[in-house]
Amino acid sequence: MLDTPQPARAGTLYIVATPIGNLRDLSLRALDILKSVDLIAAEDTRTSQGLLAAHGIHARLVALHEHNEAAVAARIVADMRAGKSVAYISDAGTPGISDPGAKLVGAARAGQVPIVPIPGASAVAAALSVSGLDGPWLFVGFLPARASARRKALDDLRPLPCALVFYEAPHRIEACVADLLARLGGERRLLIARELTKRFEQIHQCPLADAPAWLAADDDHRRGEFVLVVSAPAAVESDDEREARQVLEILLEELPVRQAAQLAARITGGRKNTLYDLALNMKQEP
Ligand code: SAM
């Protein structure tokens, strides 16, 4: 039997997940709350109006996005302390996950306003649910847009003994996947989850080494919204391996591969052949 519908309670903040594509992915409970709150705060009121109209909801809307979140949050908290019920929705998926919402939640908690999650769609959960991975994972969200910062972030993530989950936009998908390959190596597997829940949904898994070719094979493969899931490393990089990589990075700026490997072997005490192979790989990275 279904639980009894419960309308929004006075003086309460509801953080409501909305669909990430398919408008039918809105829970019954989300509908109950969105229909009964006094006010809906939305990341973009125009975007949300489509969803709300599709479900016959005509609520009072106020915009709360990354540029006004602190100021609007303060006003909404005052409304809730005066007894109003409020729902917050972002453009798609779960608020607070690579979306605004955290400041509002912080302000509500500081104002001792009860906060209730209304769970539902999120691209990270949808992608993981079809990844076939059952170990630990880390949700990274968007990597930095600047190539040097992105590569540095990936170098920091490389040794972690878990799968990595990223969000990416179409205009950066090729550069991002090229950096994943260069920094994480070709053997880890990549799940590309594109346009989840939408008409052209596509889920493709391959070794990272094959991913650039898959993207290049068809213009459609580079369109839409992406979640990328990289499997955990086979073995965790040891401190010695990390040191060797750091030393080679510096030497390769000035020296050819063979000489850099020879010097690195003297500096780190590592094997010359292993360091040569590593240096060769590093040299081929974009
Ligand atoms: N809060 C949202 C959530 O819970 O998933 C994420 C919002 S974030 C601003 C937007 C990013 O999420 C997109 O660039 C994409 O990486 C990912 N995303 C959102 N919808 C998606 C979909 N239908 N398919 C694949 N990725 C999606």
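Axes here are lines fitted to C-alpha atoms, for helices over the stretch in contact, and angles run from 0 to 180 degrees between N-to-C directions. With that convention, this predicted model can be described through three pairs of packed helices and the surroundings of its ligand.

**Helices H6 and H7**

Helix H6, which covers residues 147-157, packs against helix H7, residues 173-184, at an angle of about 40°, and the two axes lie 10 Å apart. Because angles under 35 degrees count as roughly parallel and those from 65 to 115 as roughly perpendicular, H6 is oblique to H7. The two helices cross in a right-handed sense. On the H6 side the contact is formed by Ala147, Arg150, Arg151, Leu154 and Asp155, and on the H7 side by Ala175, Cys176, Asp179, Leu180, Arg183 and Leu184. Sorted by character, the residues of this contact comprise six nonpolar and five charged ones, with no polar residue.

**Helices H3 and H4**

Helix H3, residues 69-81, and helix H4, residues 102-110, also pack at about 40°, here with axes 9 Å apart. That angle makes H3 oblique to H4, and H3 passes H4 in a right-handed crossing. H3 contributes Glu69, Ala70, Ala73, Ile76, Val77 and Met80 to the contact, while H4 contributes Ala102, Lys103, Leu104, Ala107 and Ala108. Nine of these residues are nonpolar and two are charged, and none is polar.

Lys103 deserves a separate look. This residue is found in helix H4, and, leaving aside residues up to four places away in sequence, Lys103 touches Glu69, Ala70 and Ala73. By contrast, Lys103 and Thr197, which are 94 residues apart in sequence, have C-alpha atoms 29 Å apart in space.

**Helices H9 and H11**

In the third pair, helix H9, residues 239-254, packs with helix H11, residues 272-284, at an angle of about 60° and with an axis separation of 10 Å. That places H9 oblique to H11, and the crossing of H9 and H11 is right-handed. The residues that meet are Ala244, Arg245, Leu248, Glu249 and Leu252 from H9, and Leu275, Leu278, Ala279, Met282 and Lys283 from H11. The residues of this contact divide into seven nonpolar and three charged, again without a polar one.

**Surroundings of the ligand**

There are 19 residues around the ligand, of which Ile97, Asp99, Ser122, Tyr167 and Phe226 come nearest. Backbone atoms of the protein also lie within a few ångströms of polar ligand atoms, as the table sets out for Thr94, Ile97 and Ala123.

| Residue and backbone atom | Ligand atom | Distance |
|---|---|---|
| Thr94, polar backbone atom | oxygen | 2.9 Å |
| Ile97, backbone N or O atom | nitrogen | 2.8 Å |
| Ala123, backbone N or O atom | oxygen | 2.8 Å |

Ile97 thus appears in two descriptions, since this residue is listed with those that come nearest to the ligand and its backbone N or O atom lies 2.8 Å from a ligand nitrogen.

Notes: Residues are numbered from 1 along each chain as its sequence is written. This is a predicted model: local features need pLDDT of at least 70, side-chain atom pairs count only at pLDDT 80 or more; totals for chains, interfaces and linings use all residues. Side-chain values use heavy atoms; hydrogens and water are left out. Helices (H or I, at least four residues) and strands (E, at least two) are DSSP runs, numbered from the N terminus. Angles under 35 degrees count as roughly parallel, over 145 as roughly antiparallel, 65 to 115 as roughly perpendicular and the rest as oblique. A crossing is left-handed if the near helix is turned anticlockwise from the far one by less than a right angle, and right-handed if clockwise. Contact means heavy atoms within 4.5 Å. Ala, Val, Leu, Ile, Met, Phe, Trp, Tyr, Cys and Pro count as nonpolar, Asp, Glu, Lys and Arg as charged, and the others, Gly among them, as polar. A residue is near a molecule or strand if one of its heavy atoms lies within 4 Å of it. A polar contact is a pair of N or O atoms within 3.5 Å; within protein, one must be able to donate a hydrogen and the other to accept it, and residues adjacent in sequence count only if both atoms are side-chain atoms.
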